[in-house]
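Hi,

Here is the structure I said I would pass on. Have a look at it first, and then read my notes below.

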Protein chains: 2
Amino acid sequence: MQRYFVSGNDMSETNVTITGDDANHIAKVMRMENGDHIICSDSQGRTVLCEITAVDRDSVHASVIEEIQEQKESPIQVTIAQGIPKGDKLETIVQKGTELGAKGFLPFSSSRCIVKWDEKKGQKKILRLAKIAKEAAEQSHRSVIPDVFSPVSFTTLLKQATDFDYKIVAYEEEAKEGETKRLAEVLYSMSPGSTLLCAIGPEGGFSGQEVSELKEAGFVSCGLGPRILRTETASSYLLSAVSYHFELMR
Amino acid sequence: MQRYFVSGNDMSETNVTITGDDANHIAKVMRMENGDHIICSDSQGRTVLCEITAVDRDSVHASVIEEIQEQKESPIQVTIAQGIPKGDKLETIVQKGTELGAKGFLPFSSSRCIVKWDEKKGQKKILRLAKIAKEAAEQSHRSVIPDVFSPVSFTTLLKQATDFDYKIVAYEEEAKEGETKRLAEVLYSMSPGSTLLCAIGPEGGFSGQEVSELKEAGFVSCGLGPRILRTETASSYLLSAVSYHFELMR
């Protein structure tokens, strides 16, 4: 069944209003009518089954049939801090990471980033990434849309890291040297509800200096398996491992 | 350091010959010269550090400096049986799957495949996928290039499945119904050296009939976490979970 996210203001105890692109999607793309059913989430964890009661030009109205109890959100809130990569890789990372359960994405610039973030075009890019996150969240039946933050400097990343319970850095030199214990150690030490920040370098990885600073800021340097992963694959590995550990293995 | 795969015939106890595109890459792209070092793998598990001794027009000669002992290959040989997806998704699946440790890729057609495999263009496509696998294997420092097989029918898939020790099918209806135990159960029952075949449907998934036939053929129906994954994300999840389970957690 088709799923839509609405803002909390547009969802009451008994009624839901869908506006904007989604209203258009319901009316024009899906050609739904009164009596058709949809699922709506307020992105705060409330998900309801609804019946459409009116399809207007700019909005769709629906009444709540029942609350849907489902646990689609990871017990661990993982934020991916991603060194800004080339091309459209950030879009891939946000789309796949949303499917795989990420709570947020924090792009950052570091010494080996090839792409310089353009402040002017940047805001538009963030809006586009937020849209990708919303659509991927709908498609993967999540009840929360992950946050896509505006890029920060490496120094700001280190400061913001203090907000997280656990911090790791995916460091390819660790993979090369056969580091295989630390990720599992970190995951075993976490409990449901914990927050995890995972820093992943851009294509060229982190400099030695940056890794030292990350470690000083409390990041645990982990290998993500023995093979060298591309920057856009590292987040998928981490999120899948977290999901396997907390959602399947236990 | 740059890595190249060579055929076993081109690697002796003491010498390696690199031909074709790779020789061109060394000479023209990397502009390497006598005395430069490269790493060569015979794709059977032997990896050596070499010094270039001659750069000819069509070939590069190198002498073996030392054997490299490294464990980059998963203890579990995972073959991804992938329902033929649309567009260039198969390329993504092969590239990411190679990085994440897959042993092979077996595309198959099933009732909900939208793309019909074109026998004529197909051979060219398989060669292209094999090239993607080789390049991804080099880039991720693997010592084995995964096999990319020509597509088979669903019936042939069921027959070939008998060659594998363990078989699972990623079934989104299981994820929807909250199945969370079986993947971990299967992985806990496997030991290093085992072979695993994982069947993943195309965009539209498997029909109920197909899932029944897969189960009859010994496939265990597993959810890959509570969220609904796109067809091209399912293999990444599975391979990451296998890597985490066997390469990091133990």
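**What turned up**

Let's start with one pair: the side chains of E99(B) and R230(A) meet in a salt bridge, at 3.2 Å from N to O. By salt bridge I mean a side-chain nitrogen of Lys or Arg within 4 Å of a carboxyl oxygen of Asp or Glu.

Some ground rules before the rest. This is a predicted model, where local features need pLDDT of at least 70 and side-chain atom pairs count only at pLDDT 80 or more, while totals for chains, interfaces and linings use all residues. Residues are numbered from 1 along each chain as its sequence is written, chains are lettered from A and ligands numbered from 1 in the order in which they are written, and side-chain values use heavy atoms, with hydrogens and water left out.

**Where the chains meet**

The rule finds six salt bridges across the interface of chain B and chain A. It also gives 28 residue pairs in polar contact there, both residues at pLDDT 80 or more (a pair of N or O atoms within 3.5 Å; within protein, one must be able to donate a hydrogen and the other to accept it, and residues adjacent in sequence count only if both atoms are side-chain atoms).

On the chain B side, α2, α3, α5, α6 (182-189) and α8 each supply at least two residues that touch chain A. Helices here are DSSP runs (H or I, at least four residues), as are strands (E, at least two), numbered from the N terminus. The most comes from α8(B), with 11 residues.

The contact (heavy atoms within 4.5 Å) takes 44 residues from each of chain B and chain A. Between them the chains bury about 3,600 Å², 52% of it on carbon and sulfur atoms; that is the accessible area (1.4 Å probe) that two parts lose on being put together, summed over both. In chain B, R227(B), Y244(B) and L248(B) lose the most area to chain A, together 22% of what that side buries.

**Inside chain A**

Over all chains, the whole structure has 32 salt bridges. One of them joins R128(A) to E91(A), with the closest N and O atoms 3.0 Å apart. That pair links distant parts of the chain, helix α3 and helix α2 of chain A, 37 residues apart.

**Pockets**

The largest pocket has a volume of about 890 Å³. A pocket, on a 1 Å grid over the protein atoms alone, is an open set of points where a 1.4 Å probe fits, with protein on both sides within 12 Å along at least five of seven lines; lining residues have an atom within 4 Å of a point. Grid points are joined across faces, edges and corners, and the volume is the space filled by probe spheres set on the points.

Which residues are closest to its centre? Of the 38 that line the largest pocket, they are Q139(A), H141(A), E172(B), I228(B) and R230(B). The largest share of that lining, five residues, comes from α3(A).

The second largest pocket comes to about 580 Å³. Its lining has 22 residues, with T92(A), K96(A), T92(B), K96(B) and E232(B) nearest the centre. Here α2(A) gives the most, six residues.

Cheers
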